[in-house]
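The following exercises ask the reader to work through a structure step by step. Please study the sequence and the model before attempting each task.

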Amino acid sequence: MTGWALARVILIWAALAVAIGVPIAFAAGSEQLAWRGPVYILAGFAGIVALGLVLAQPLLIGGYLPGFAAYRGRRAHHWIGGALVLAVVIHVAGLWITSPPDMIDALTYASPTPFSPFGVTAMWAIFLVALLASLRRRLGLRPRTWRFLHMPLALVIVVGSVAHCLLIEGTMETISKAALCTLVLAATAKAMIDLQVWRKRRALRGEGTARQ
């Protein structure tokens with residue numbers, strides 16, 4: 001590996017660490033934590049970690065992270081998806097413990113807070129993707145069918161998570177939160193565009209070979 005290639009690898013991983021770590025660090029220093037109990041704090045940080053994992057997902061599946069191209073990227077995408085489910089469960093369970101009535105309102109889409117519907121919708125989409133992924137072989141889902149189901153749900157997860165995060169006025173610092181949300185949207189858009197272009201090129205190459 002050349003010096004430039006090594007520097008590029010370091011920069012990419014450092015940028016990802018900063019994108020996820022800085023919002024967490026700012027949240028850890030928030031004055032609002034002084035009035036929160038440990039369970040509520042754990043739930044809140046689980047939500048921040050979940051958003052960071054949402055950022056990692058398109059980077060992995062798009063092959064943008066050094067060392068995680070092709071098969072490794074897909075496997076890591078699978079395991080990060082499991083970690084995302086766990087983070088969301090901790091987030092929701094912690095909020096349920098601290099305030100069951102508020103969580104009942106949120107889960108039934110009766111909450112007056114504008115951020116709740118987005119978060120709950122993203123949560124159900126995450127759970128549905130995880131369920132489909134675990135049953136993919138049993139259901140006999142072909143790659144094309146899986147993509148047809150997964151891509152719209154991924155968009156729901158990303159848009160719902162970003163809207164949920166931006167609308168909450170909590171422990172997260174405004175600028176770092178906005179930057180993380182912007183990166184999530186940008187990474188998702190790039191991955192979906194690149195994957196679509198790659199599939200079209202592969203299809204055209206297949207048609208050309210068939211004609212020959």
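**Exercise 1. Accessibility of I97**

Determine whether I97 is buried or exposed, and identify the surface feature to which this residue belongs.

Solution. The model under study is a predicted one. Begin with the location: I97 is part of helix α3, which covers residues 70-98. Next, consider the accessibility. The relative accessible area of I97 is 58%, and the term exposed applies to values over 50%. I97 is therefore exposed. Finally, look at the surroundings: V39, W96, I97 and I104 make a nonpolar surface patch of about 360 Å².

**Exercise 2. The surroundings of Q57**

State where Q57 lies, and find which residues are in contact with Q57 once its neighbours within four places in sequence are left aside.

Solution. First, Q57 is found in helix α2, which comprises residues 38-61. Second, its relative accessible area is 11%; since buried means under 20%, Q57 is buried. Third, with the neighbours within four places in sequence set aside, the contacts of Q57 are A76, H77, I80 and G81. Fourth, one of these residues, H77, can be examined further: a polar atom of the Q57 side chain lies 3.0 Å from the backbone oxygen of H77.

**Exercise 3. The search for disulfides**

Establish how many disulfides the whole structure holds, and explain why C165 and C181 do not form one.

Solution. A search of the whole structure yields zero disulfides. To see the reason, take the sulfur of C165: the closest cysteine sulfur belongs to C181 and is 3.9 Å away, too far for a bond. The cut-off for a disulfide is 2.5 Å between the sulfur atoms. The check from the other side agrees, because the cysteine sulfur closest to that of C181 is in C165, again at 3.9 Å. As to accessibility, C165 is buried at 8%, and C181 is buried at 1%.

**Exercise 4. The salt bridge**

Find how many salt bridges the whole structure contains, and describe where the partners lie.

Solution. The search of the whole structure finds one salt bridge. In this salt bridge the side chains of D194 and K190 meet, with a distance of 3.0 Å from N to O. Turning to their location, both residues lie in helix α8 (residues 174-211), where D194 and K190 are four residues apart, about one turn of the helix. Their accessibility completes the description: D194 is partly exposed at 30%, and K190 is partly exposed at 44%.

Key: Residues numbered from 1 in each chain as written. Predicted model: local features only at pLDDT ≥ 70, side-chain atom pairs only at ≥ 80, totals over all residues. Heavy atoms only, no water. Patch = residues over 30% accessible without salt bridge, like charges linked within 9 Å, V, L, I, M, F, W, Y side chains within 5 Å. Areas by Shrake-Rupley, 256 points an atom, 1.4 Å probe, with all protein chains shown as cover. Salt bridge = Lys/Arg side-chain N within 4 Å of Asp/Glu carboxyl O. Helix = DSSP H or I, 4+ residues; strand = E, 2+ residues; numbered from the N terminus. Buried < 20%, exposed > 50% of the residue type's maximum accessible area, 1.4 Å probe, protein only. Polar contact = N/O pair within 3.5 Å; in protein donor to acceptor, adjacent residues only side chain to side chain. Contact = heavy atoms within 4.5 Å.
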